[in-house]
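The following exercises concern a molecular structure that is to be examined step by step. Please keep the sequence and the model in view while working through each solution.

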Amino acid sequence: MSTILLIEQLLNGLQSGLMLFLMAAGLTLVFGVMGLINLAHGSLYMVGAFACAGVAAATGSFWLGLAASIAAAAAAGAIVEVAVIRRLYARDHLDQVLATFALILIFSEGTRWLYGSFPLYLNVPPSLSGSVTLPGGIQYSLFRLAIIGAGLAVAVGLFLLIGKTRIGVQVRAGEADREMIAALGVDIRRLYTLVFALGAALAGMAGALVGTIQSVQVGMGEPVLILAFVVIVIGGIGSIKGALVGALLVGLTDTMGRVLLPSLFDLFMETSAATSVGAALASMAIYILMALVLVVRPGGLFGARA
Amino acid sequence: MTGTKTGIHRETRMTKYLTTTALALSMLGGAAMAEPVKVGMITTLSGGGASLGIDTRDGFMLAVEEAGNPDLEVHIEDDQRKPEVAVQLSDEMIQSEDVDVLTGIVWSNLAMAVVPGAVRQGKFYLSTNAAPSQLAGKGCHENYFSVSYQNDNLHEAAGQYATDEGFGRMFIMAPNYPAGQDSLSGFKRFYEGEVANEVYTQLGQTDYAAEIAQIRDSGADALFFFLPGGMGISFMKQWAEAGIDMPVVGPAFSFSQDILPAIGEAAVGVKNTAQWSKDIDNEANAQFVEAFQAKYDRLPSLYAAQGYDTARLLLSAMDKADISDADAFREALRAAEFDSVRGDFAFGPNQHPVQDIYVREVISEEGQLTNKIVATAMEDRGDAYAEECSM
Amino acid sequence: MSPVEQIPAAGSEPMAAAPARPSRATLVNAALGLGLLAFGLGAWAMGEVFMVTLATKVAILAIAGAGLNLVLGYGGLVSFGHAAYFGLGGYTAGILAHHALNYTPLFEWPFLFEGTTSMPVIWLTAMVIGALAAAAIGALSLRTTGVYFIMITLAFGQMIFYFAISWPAYGGEDGLPIYVRNGFPGLDTLDPLHFFGLVWAVLMAVLGGIAMLARSRFGLALQAARQNRQRLMAVGIRPGGVLLTAFVISGAITALAGALYADLNRFVSPSMLSWHLSGELLVFLILGGTGRLFAPLAGAGLYIALEHLLGGVSDHWQFFFGLLLLAVVLFARGGVIGFLAGGKRHG
């Protein structure tokens, strides 16, 4: 494999990792601050994609669609938090899993009710379509570059938000000791709603960006949800830094596994069989990675608590 | 039982006893003629892939309504694309509702779960889509008819087309599951050039950046891919973004009318193989396309056409034989004396179609994306497994 | 009513003396067990063959749930990967029958084995394989706790799922049909009623076994491990060993259910291994009332009944099902049995 191809594949891994980070950041924040397992996070991703497709189709502007996706997901997140999630903080993980599983059913079937079963159209805006030539002669999709940029920007923004702002202080305090910050006079209910809506907005944004280059359809959130869980478990639940490292690890492992494993098996097997076996192993690669990490470090890479 | 007019669009259990209004009339009139034929349709109406099942059902029901045959009763259920649900539904239909004919399954894995059991219990199965190789060769059965194709057919035609076009090196790609593996071997069966690289992707994969980079790097003359459903939508959008100047060939599944709008302009110009297209020039087809659009306000897809033909085949057999005489009914099905929307249509020895397979090009027509026939890839093609069938 | 009278597992003080007369919980359990039997027989008498099949499905899923309940309800381990054992059991049945029906030996060394269509042999093999898989997965997973345990069990489940999808030898994603249901000495398993009776008997045997296990020294240690690991160590028992043993037994029971499920559908496919199934098993337990002996039966029965009834009312039944589930979690804690039998649930 040429160096240029290798670099291109690394970029691809980076891009898919950063999108996973947008999903994982919300999940890990919600778990870290409120101690809640939210299976319905993938539904918020779907809400973002549908809102973007809907608004983009109505107005003809992708950018309005993107704004709508963030707004719609944040609003959906806030509503769900106030109506349902709030009652689950004091419950055990089992109740949380079941209740948010119920939310998945409601969101998926509700969306199908509104939009029907056919996939929606959503495409890259003209200003970001096509590909550019990077230094070294790599041809790379402009939109994917933009996704990488957006992902990095969100990551920096989140670190600043958590590290430098008042809300960030409250969030970190909440992770450390929930009773404590209530005693300090922080309106904890408002903080929780805010954190949940923030996580939802990030998921909605990821849904819109990824939906643009993939397909917008009911159920699109579930595979991503599982991956996002893998990410936060590898990184250590509750840690934003862990989510970032975990997301990049998963993105790179998945991409490079798909590319390299079949070639590896090709060295000592017949081509058809090698590609098949290699692809099979590649699809298991991230789960093997996760199991390895957990066996060596049962609390994830940057885990504060189990 | 109620003969409902509204029942066609709702497959709720109460109203599922879809009968045409004519049935209600005939029951009022007390007319008892030939024994009614009960059809159980199991298809995907919810979850991922529901659009395929909905088109299958709508095409099938269009033909049923047009015929207005009071002796035909259709019972529709949603399999949610889960094999165990499909098995359960077929048990319910066979054990409780005593259906005579089963049909409608979209996916090969669901067909493998239902068909062998159903035909062994003496029921007829008419496939509107899925036709795995296991049921075409050694596992063929006298009660099993595929009205669509044999699964390999469209891939074979793509291979033939690539050979005809003189593509010397092809990059070929499919998901890593049995239908994907069959797809690539079907393609290679008729492709005489060199395979630059073959890649298996993950089932349900949505990001193809890594594969697209490999394709660009391979320097192949053209690309063949089989990625049904959402996978195909994702791939085509990303492919268009990558701006690679390479001809693309694929089976019709990724360019069918139900998903073309979701892919958008990215699909224009792609060649795809199919045994049906809305511009096949015959009377039955023109009538079908017009009636389907009038009734459902959208263009029919390949699946709708297959559903429609399946119902027409069944109706033609009902005109000739009584369902209570299974042998006669089977002969009537085998004769396939109906006006197919595909034009010429006949069954081969393993009761799979012998038919022409076309090459279509995706075009933009009156602001809508659709397909146009540009060549005939194979004439009177049967399938590779018929010899193994000892029927 | 005193909590003493509950199922040993669910009570906060399992060491207490046995009740003199049947408690309300015992009556509810008896009603559930006999109710399922009566439903199956009644449906048969009325010629509703499909209802017999549905009752059989409930019984099988309840067995799988009972396996999960052992680790989750009694041991407090939330496994999100029990579909792995269910699917392995299913594939054991499918592969053994496949070789027997095609007369192709499964292996020739160290002795010739041509597969089998005998249910007892299949069950035993499935349980051994389920136990082995659970031993390997459990040994690694039990190093973690809490959410990490949930996710690592999911990861192992997904690995097996993807392996089954892409491994072509036994059908991959297409699955593996079993053309004729496997046999049981003295019964005609193709007869829905015979098969239902057999499965019901297995369910009762499994539940009886778990009840005995829960009362045993091992069962008490298991529940103690859930409540307070330190206390257990203080009396000289390693919680890890107890939990791993429970995990292995649980895997074996769930694999047995998988083998039965394969025979019910006469078909095995990777969907038996999917995380959705792991999730459904959890839903059964929570619906039924985690940690109650008959929770899996109550939950599976309610789930299947709702699926069947709601499916008849609307295309969008999953929407209403979601609302209902949500209502159960938010307002009806303790599940069906908690509601019927009363008493406090742990946790």
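**Exercise 1.** Determine which parts of chain B are tied together by the salt bridge of B:R330 and B:E142.

Solution. In this predicted model, the side chains of B:R330 and B:E142 form a salt bridge with an N to O distance of 3.6 Å. The term requires a side-chain nitrogen of Lys or Arg within 4 Å of a carboxyl oxygen of Asp or Glu. Next, locate the partners: B:R330 belongs to helix α12 (residues 326-335) of chain B, while B:E142 sits in the loop between β5 (124-127) and β6 (144-146) of chain B, so the pair ties together parts 188 residues apart in sequence. Over all chains, the rule gives 25 salt bridges.

Residues are numbered from 1 along each chain as its sequence is written, and chains are lettered from A in the order in which they are written. Local features need pLDDT of at least 70, side-chain atom pairs count only at pLDDT 80 or more, and totals for chains, interfaces and linings use all residues, while side-chain values use heavy atoms, with hydrogens and water left out.

**Exercise 2.** Describe the interface of chain C and chain A.

Solution. Begin with the residues in contact (heavy atoms within 4.5 Å): chain C gives 39 residues and chain A gives 44 residues. The buried area, meaning the accessible area (1.4 Å probe) lost by two parts on being put together and summed over both, is about 4200 Å², with 79% from carbon and sulfur atoms. In chain C, the residues losing the most area to chain A are C:V147, C:Y148 and C:H316, together 17% of what that side buries.

Then consider the pairs. Between chain C and chain A there are zero salt bridges, but seven residue pairs are in polar contact, both residues at pLDDT 80 or more. Such a contact is a pair of N or O atoms within 3.5 Å; within protein, one must be able to donate a hydrogen and the other to accept it, and residues adjacent in sequence count only if both atoms are side-chain atoms.

**Exercise 3.** How are α5(A) and α8(A) oriented to each other?

Solution. The axes (lines fitted to C-alpha atoms over the stretch in contact, with angles from 0 to 180 degrees between N-to-C directions) come within 11 Å and cross at roughly 170 degrees. Therefore α5(A) and α8(A) are roughly antiparallel, the term for angles over 145 degrees. Among the contacting residues are A:F143 and A:R144 of α5(A) and A:L198 of α8(A).

Technical notes: Helix = DSSP H or I, 4+ residues; strand = E, 2+ residues; numbered from the N terminus. Parallel < 35°, antiparallel > 145°, perpendicular 65-115°, else oblique.
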